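The exercises below are meant to be worked with the sequence and the model side by side. Try each task before reading its solution.

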Amino acid sequence: MSVAFTINGVAVEAPAGSNVLDTARSYGFDVPSLCHSEAIIPYGACRLCLVEITKGGRKKTTTSCNYEVLEGIDVVTDSPEIRKHRAMVLELILAEAPDNAHIKKLAAEYGVRKSRFSRQEDAEQHRDDCILCGLCSRVCAEVVEANALAFKGRGDKRSIGPAFLEEPKECIACGACAWACPTNCIGFVEEDGLRKVVRWGRELPLEKDADGRLFAPKFQLFQFSKRAELPPDFYKKAPGAR
Ligand code: SF4
Ligand code: SF4
Ligand code: FES
């Protein structure tokens, strides 16, 4: 079923159940975000995707990634008020990642070049540029289904990483979390026959294909084979492994 409404005065349609952010983007409207991926369930962590929504004559400012489309609503994705809210959100985020190029660029687009807030102290690990958006753990759980990461602690002690302060045994070193991370603070390298997910301290030996070339972690292939009920050497022999 399709839902009809307006975005910035333009009549739009979207499948029932979809969210305002994805719909706005699909119609070419630019809405910033730091914790959203179409591949996973919206979480509403960064609050950067704020828009104004008028429903039944009442207007409110709300996050668009987790707002389901509704018949007849009017959405505004940019206004002086929205820009003011986003600038405040970006100032808070900039405090957490003051040297990160992506965050600095985004903040500058909203006139924010310095933050009045100070960085929260790292509770137990290397917080560095982590803005606690949760994308890494959600991608790991919902897409990879490895469940290797989780939020820990509360308030200014909050951090994200393996459940225990040791190499996460569930991690298959697929790199999906590093790919999703908006501040690029996870680190993903291949060297010395190992694939390393730096931030989580995970190092796995790589498998060779039939031509002797390294191509994927042995543990990742083992897990994939097990999940799909394939022979243990299936990926080693597969043409796609070359
Ligand atoms: S690299 Fe490890 S922690 Fe990151 S998404 Fe893959 S399994 Fe999860
Ligand atoms: S490590 Fe990256 S993806 Fe994970 S919460 Fe921090 S900023 Fe987000
Ligand atoms: S993208 Fe909506 S809150 Fe982060």
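**Exercise 1.** Which residues does Ala216 touch, not counting residues up to four places away in sequence?

*Solution.* Before starting, note that this is a predicted model, in which local features need pLDDT of at least 70 and side-chain atom pairs count only at pLDDT 80 or more, while totals for chains, interfaces and linings use all residues. Residues are numbered from 1 along each chain as its sequence is written, chains are lettered from A and ligands numbered from 1 in the order in which they are written, and side-chain values use heavy atoms, with hydrogens and water left out.

Step 1: locate Ala216 in strand S11, residues 214–217, where helices (H or I, at least four residues) and strands (E, at least two) are DSSP runs numbered from the N terminus.

Step 2: look for contacts, that is, heavy atoms within 4.5 Å. With residues up to four places away in sequence not counted, Ala216 touches Arg195, Pro205, Leu206, Glu207 and Leu221.

Step 3: check the burial of Ala216, which counts as buried because its relative accessibility is 8%; buried means under 20% relative accessible area, exposed over 50%, and partly exposed in between (1.4 Å probe, protein chains only).

Step 4: follow two of these partners. Arg195 has its place in strand S9, residues 194–197, and is buried, with a relative accessible area of 8%. Leu221 belongs to helix H6, residues 218–228, where Gln220, Leu221, Gln223 and Ser225 are buried.

**Exercise 2.** Find how the shells around the two ligands are made up, and state which residues come nearest to ligand 1.

*Solution.* Step 1: take a residue as near a molecule if one of its heavy atoms lies within 4 Å of it. By this rule ligand 1 has 14 residues around it, of which Cys140, Cys171, Cys174, Gly175 and Cys177 come nearest.

Step 2: see which elements contribute. Helix H4 (135–144) and helix H5 (176–180) each supply at least two residues of the shell around ligand 1.

Step 3: sort the shell by type, counting Ala, Val, Leu, Ile, Met, Phe, Trp, Tyr, Cys and Pro as nonpolar, Asp, Glu, Lys and Arg as charged, and the others, Gly among them, as polar. The shell around ligand 1 then divides into 13 nonpolar, 1 polar and no charged residues.

Step 4: repeat this for ligand 2, whose surroundings include Cys130, Cys133, Cys136, Cys181 and Cys185; its shell divides into 10 nonpolar, 2 polar and no charged residues.

**Exercise 3.** Why is Cys185 not bonded to the closest cysteine sulfur?

*Solution.* Step 1: recall that a disulfide is a covalent bond between the sulfur atoms of two cysteines; here the criterion is a pair of cysteine sulfur atoms within 2.5 Å.

Step 2: apply the distance. The closest cysteine sulfur to that of Cys185 is in Cys181, and because the two are 3.8 Å apart, they are too far for a bond.

Step 3: widen the search to the whole structure, which finds 0 disulfides.

Step 4: add accessibility. Cys185 counts as buried at 13% relative accessibility, and Cys130, also in the shell around ligand 2, counts as buried at 8%.

**Exercise 4.** Where are Asn147 and Asp192 found, and are they buried or exposed?

*Solution.* Step 1: Asn147 is found in the loop between H4 and strand S6 (150–152). Its phi is near 50°, a positive value in a residue other than glycine, and at 53% relative accessibility Asn147 counts as exposed.

Step 2: Asp192 is found in the loop between strand S8 (188–191) and S9. Although Asp192 is not a glycine, it has a positive phi of about 55°, and it is exposed, with a relative accessible area of 72%.

Step 3: for a further case, turn to Glu229, just after H6, which takes a positive phi of about 55°.

**Exercise 5.** Describe the protein as a whole, including its domains.

*Solution.* Step 1: the secondary structure comes to 7 helices and 11 strands, and buried residues make up 46% of the 242 residues.

Step 2: an automatic or database domain assignment gives domain 1 (2–78) and domain 2 (135–241).

Step 3: the centres of these domains, taken over C-alpha atoms, are separated by 32 Å, and 9 residues of domain 1 are in contact with 8 residues of domain 2.
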